[in-house]
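Biologist: Please give me a close look at the strands of this model, and then follow them to whatever lies around them. Start with what you mean by pairing.

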Amino acid sequence: MAKEKFYITTPIYYVNDVPHIGHAYTTIAADVLSRYHKLSGDNVFFLTGTDEHGAKIAEAAEKAGKKPQDFVDSLIPKFQNAWKKLNIEYDEFIRTTDSKHEKIVQDLVTKLQKNGYVAKRKYEGLYCVGCEKYYNESELLDGKCPDHKTKCIRQSEENYFFLLAKAAKDTKLYEKIKKDEIKVAPEARKNEILGKIKAGLEDVSISRENVEWGIKFPGDESQTIYVWVDALINYFSATKIYKNGPVWPADLHLMAKDILWFHAIIWPSFLMAVGEKPPKEVFAHGFFTINGQKMSKSIGNVIDPVKIAEKYGADALRYALLREFPFGEDGDISEEKIAEIYGSELAAGLGNLISRVLTMTVKYLSGEIPHTKRNIDEHELRVGGSFNWKKAYKIYDESVENLQFNRALEAISKVVKTCDQYIDKEKPWEISDDKEELRWIIRGLLETIHQIAWMVYPFMPDISQKIARNLSIKGLLGKSPDIKESWSFLDENTKVKKPEPLFPRIEK
Ligand code: MSP
């Protein structure tokens, strides 16, 4: 029963970048949300892809001795394989060199012109090829780009400008953000964006004279459309390109704070200026540093998410990244931190609990899902005491819906702990005379890990499948799990299998 739609996007990443842990972070978060909403029966469409035009990419192609199109084509598998290795299941992977996208971009820019939001203007400034943008003298350090540390070139161009200030005013951008009609989150980012609008917006150049590798500007073949305009439109194009594609407007654009400006100001103004609806929500998460330092190729501290996934498992990486610090805030990550979470919460926590419960079931009850005369529902509550799985589920649901992933994972981890305490208190291995009591205790624990399997699914799909196989949880088995509509109990006609370790010891 398909309920509401949920159209979620990640940024489209620069195709000549190597997918690093920063890109992985956003994409994993989007995948968790996508899986969670699919499980709730929402009609989810999860889009990711690559940003493939612009001078930087053309330059890299030339260096590689390839034509730009061949060059970008050759880079796609790198992204798609990385996402596959991280258990990311997007619905479509959009590329800005898709000819259908290119046509849609031209159509929208034409509409923008028709609606009176484009003007041609002469522009002179200090241009950085690396950033593909102009800087003011005061922004430079010794005449060099603050990011790339390369010399900026004085350049003058006649460009087409998007009349951003007028568009924002005409479309009531400020009021819409203020009233959450366009939700900008977290709250602090919303205030930042409102502040920027209030301070006054400058019109933005949306064409380039000297960049050939791009979409031709409609009505003026001597110019190409600025990469950012081309890139932002991907979210809209997807609604037109794919059969059974998503429906505009997007429910959630997910990204880091570095590109919030484009998504929360330029993009909604542009859309409304061409008569389309703005996105419903734009959420910017924080940036992370590696061992306290900015992640950069020159420092040499870039973490390859695929390597980490090969060592610890994709699911453990997914868990650790979202567990370490609150989504939305800045944070620090390192392999040591991932290893620490792996060892404590995953191997010694979740993995050990599953193994304990299944081993006891096999040892004392020949692997049977024990039948008990007492009310199981009541029992599940007793297992967790004041923090039982029902309470955890409530916190978990609320948290995932509000993108508080670390809080959702904390709830799971707390249930694991309460189960461990329950086992230590009840000492099932000491009960030899009262089989009904033993069945009752073990059944409660099994039902609790049954629910844990559902809870971990969006975060750790492989681990969830493994638990599901051990407990024969039909709804979770197979390619895509069932919609979780009602609470069910384990099937008493099945037997549990002796577990394989879920989180094996990792050699240092
Ligand atoms: N191509 C543009 C986006 C166009 S979207 C219409 C772009 N690409 S990018 O490859 O540079 O990716 C930027 C995004 O990568 C960030 O918004 C974030 O999602 C992710 N991250 C890159 N580095 C990151 C960190 N150090 N920390 C967290 N996220 C990071 O910009």
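Modeller: Two strands pair if DSSP finds at least two bridges between them. Keep that in mind for the sheets below. Keep in mind too that this is a predicted model.

Take the sheet of 3 strands to begin with. It is open, its order is β9-β11-β10, and its pairing is antiparallel. β9 (207–208) and β10 (216–217) are the edge strands, each pairing on one side only. Strand β11 (residues 220–225) runs antiparallel to β10, and 2 bridges join the two. Within β11, Thr 224 is the residue that stands opposite Lys 216.

A sheet of 4 strands can be described in the same terms. This one is also open and antiparallel, with the order β5-β4-β6-β8. Its edges are β5 (133–135) and β8 (204–205), and each of these pairs on one side only. β8 is joined to strand β6 (residues 153–162) by 2 bridges, in the antiparallel sense. Phe 161 has Ser 205 of β8 as its bridge partner.

Now to β12, the strand that leads to the ligand. How many of its residues are buried? The count is 5 of the 5, so β12 is largely enclosed by the rest of the structure. Leu 252, Leu 254 and Ala 256 point one way from the strand. His 253 and Met 255 point the other way, and all of these residues are buried. The pairing of β12 is parallel with both of the strands described here. With β1 the parallel pairing runs over 2 bridges. Here Ile 8 stands opposite Leu 252. With strand β13 (residues 281–285) the parallel pairing runs over 4 bridges. There Leu 254 faces Phe 283 across the pairing.

Ala 256, one of the buried residues of β12, takes us to the ligand. A backbone N or O atom of Ala 256 is 3.0 Å from an oxygen atom of the ligand. Two side chains can be added to this. Thr 26 places a polar side-chain atom 2.6 Å from a ligand oxygen. Asp 17 has a side-chain N or O atom 3.5 Å from a ligand oxygen. How much of the ligand's own accessible area does the protein cover? On its own the ligand has 680 Å², and the protein covers 94% of this. β1 (5–14), α1 (21–39), α8 (227–232) and β12 (252–256) are the elements that give two or more residues to the shell. β1 gives the largest share, 4 residues. The shell holds 24 residues, and those that come nearest are Ile 12, Thr 26, Asp 51, Ala 256 and Asp 258. By type, the shell has 14 nonpolar, 7 polar and 3 charged residues.

Next, a loop residue. Glu 52 sits in the loop between β2 (43–51) and α2 (55–63). Is Glu 52 buried or exposed? Its relative accessible area is 0%, so Glu 52 counts as buried. Its side chain makes a polar contact of 2.7 Å with that of Thr 50. Beyond its neighbours within four places in sequence, Glu 52 is in contact with eight listed partners, among them Val 15, Arg 95, Thr 96, Thr 97 and Trp 213. Val 72 and Ile 76 are also included.

Two helices complete the surroundings. Helix α4 (residues 99–114) holds Leu 108. With a relative accessible area of 5%, Leu 108 is buried. Setting aside residues up to four places away in sequence, Leu 108 touches Ile 233, Phe 236, Phe 270 and Val 274. A long-range distance gives some scale. Leu 502 is 394 residues from Leu 108 along the chain, and their C-alpha atoms are 50 Å apart.

The other helix is α18 (residues 461–471). It is mostly covered, with 8 of its 11 residues buried. These include Pro 461, Ile 463, Ser 464, Gln 465 and Ile 467. Ala 468, Asn 470 and Leu 471 are also among them. What do the buried residues of α18 pack against? They pack against α1, α12 (314–324), α13 (335–365) and α17 (435–456). Of these, α1 has appeared already, as one of the elements that give two or more residues to the ligand shell. Ser 472 follows α18, and its phi is positive, near 50 degrees.

Notes
Residues numbered from 1 in each chain as written. Predicted model: local features only at pLDDT ≥ 70, side-chain atom pairs only at ≥ 80, totals over all residues. Heavy atoms only, no water. Near = heavy atom within 4 Å. Polar contact = N/O pair within 3.5 Å; in protein donor to acceptor, adjacent residues only side chain to side chain. Areas by Shrake-Rupley, 256 points an atom, 1.4 Å probe, with all protein chains shown as cover. Nonpolar A, V, L, I, M, F, W, Y, C, P; charged D, E, K, R; others polar. Buried < 20%, exposed > 50% of the residue type's maximum accessible area, 1.4 Å probe, protein only. Contact = heavy atoms within 4.5 Å.
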